[in-house]
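Welcome! Here is a short tour of how some parts of this structure pack and pair up.

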Amino acid sequence: MSISTDYKKIIFIDDDTELVSIYNSILERKNLSDYLLHFENAKDGLEYLKGIKNKEKLPDYILLDLYMPEMDGFKFLEYFERISKLKDSIEIYVCTSSRKKDDRNRVMKYPFVSAYLEKPLPSDFIELLIRDHTVY
């Protein structure tokens with residue numbers, strides 16, 4: 001399948017591979033799986049983003065889990081904030097099972113974080129982002 005420029009690209013950083021597999025299978029049925037790229041930890045996702053030289057190749061959105069091994073979502077946000085080409089171009093949706101108010105307050109201080117969402121996400125949420133529909 002060729003990638004349509006009409007659709008948005010998403011990076012999903014989450015160590016829950018079973019959840020990501022479910023989202024991918026839903027997107028595959030709708031021929032949208034090419035627009036979702038998954039990383040199991042924040043460090044790999046950050047390295048991928050730093051390696052992109054052409055701003056047009058950056059994803060439009062990042063879905064970020066908070067609690068992961070090696071590098072958590074909080075540390076990812078700290079590094080992300082320092083890379084201007086990223087924070088000016090990409091919206092982040094924090095997707096977590098955490099219901100802690102302190103976690104929400106901590107991530108929402110970043111202007112590039114658009115929302116704090118509890119997992120699991122509705123099955124059509126990612127599709128709506130890809131198709132560039134309003135999800136607020």
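## Helix packing and salt bridges

Helix 2 passes helix 3 in a right-handed crossing. Keep in mind that this is a predicted model. Two packed helices are described by the angle between their axes and the distance between the axes. For helix 2 (residues 42-51) and helix 3 (residues 73-81), the angle is about 15 degrees and the axes lie 9 Å apart. That makes helix 2 roughly parallel to helix 3.

Which residues in helix 2 meet helix 3? They are A42, G45, L46 and L49, and their partners in helix 3 are F76, Y79 and F80. Six residues of this contact are nonpolar, one is polar and none is charged.

Now to the charged side chains: the structure holds eight salt bridges. Three of them are listed here.

| Salt bridge | N to O distance | Relative accessibility |
|---|---|---|
| K75 and E78 | 3.5 Å | K75 37%, E78 27% |
| R99 and E118 | 3.5 Å | R99 69%, E118 39% |
| R131 and E127 | 3.0 Å | R131 28%, E127 13% |

K75 and E78 both sit in helix 3, three residues apart, which is about one turn of the helix. The bridge between R99 and E118 has a longer reach along the chain: R99 lies in the loop between strand 4 (91-96) and helix 5 (101-108) and E118 in strand 5 (residues 113-118), so the pair ties together parts that are 19 residues apart in sequence. R99 is exposed, while E118 is partly exposed. In the third pair, R131 counts as partly exposed, whereas E127 counts as buried because its 13% relative accessibility is under 20%.

Finally, salt bridges also link D14, D65 and K119 in a network.

Notes
Residues are numbered from 1 along each chain as its sequence is written. This is a predicted model: local features need pLDDT of at least 70, side-chain atom pairs count only at pLDDT 80 or more; totals for chains, interfaces and linings use all residues. Side-chain values use heavy atoms; hydrogens and water are left out. Axes are lines fitted to C-alpha atoms, for helices over the stretch in contact, and angles run from 0 to 180 degrees between N-to-C directions. Helices (H or I, at least four residues) and strands (E, at least two) are DSSP runs, numbered from the N terminus. Angles under 35 degrees count as roughly parallel, over 145 as roughly antiparallel, 65 to 115 as roughly perpendicular and the rest as oblique. A crossing is left-handed if the near helix is turned anticlockwise from the far one by less than a right angle, and right-handed if clockwise. Contact means heavy atoms within 4.5 Å. Ala, Val, Leu, Ile, Met, Phe, Trp, Tyr, Cys and Pro count as nonpolar, Asp, Glu, Lys and Arg as charged, and the others, Gly among them, as polar. A salt bridge is a side-chain nitrogen of Lys or Arg within 4 Å of a carboxyl oxygen of Asp or Glu. Buried means under 20% relative accessible area, exposed over 50%, partly exposed in between (1.4 Å probe, protein chains only).
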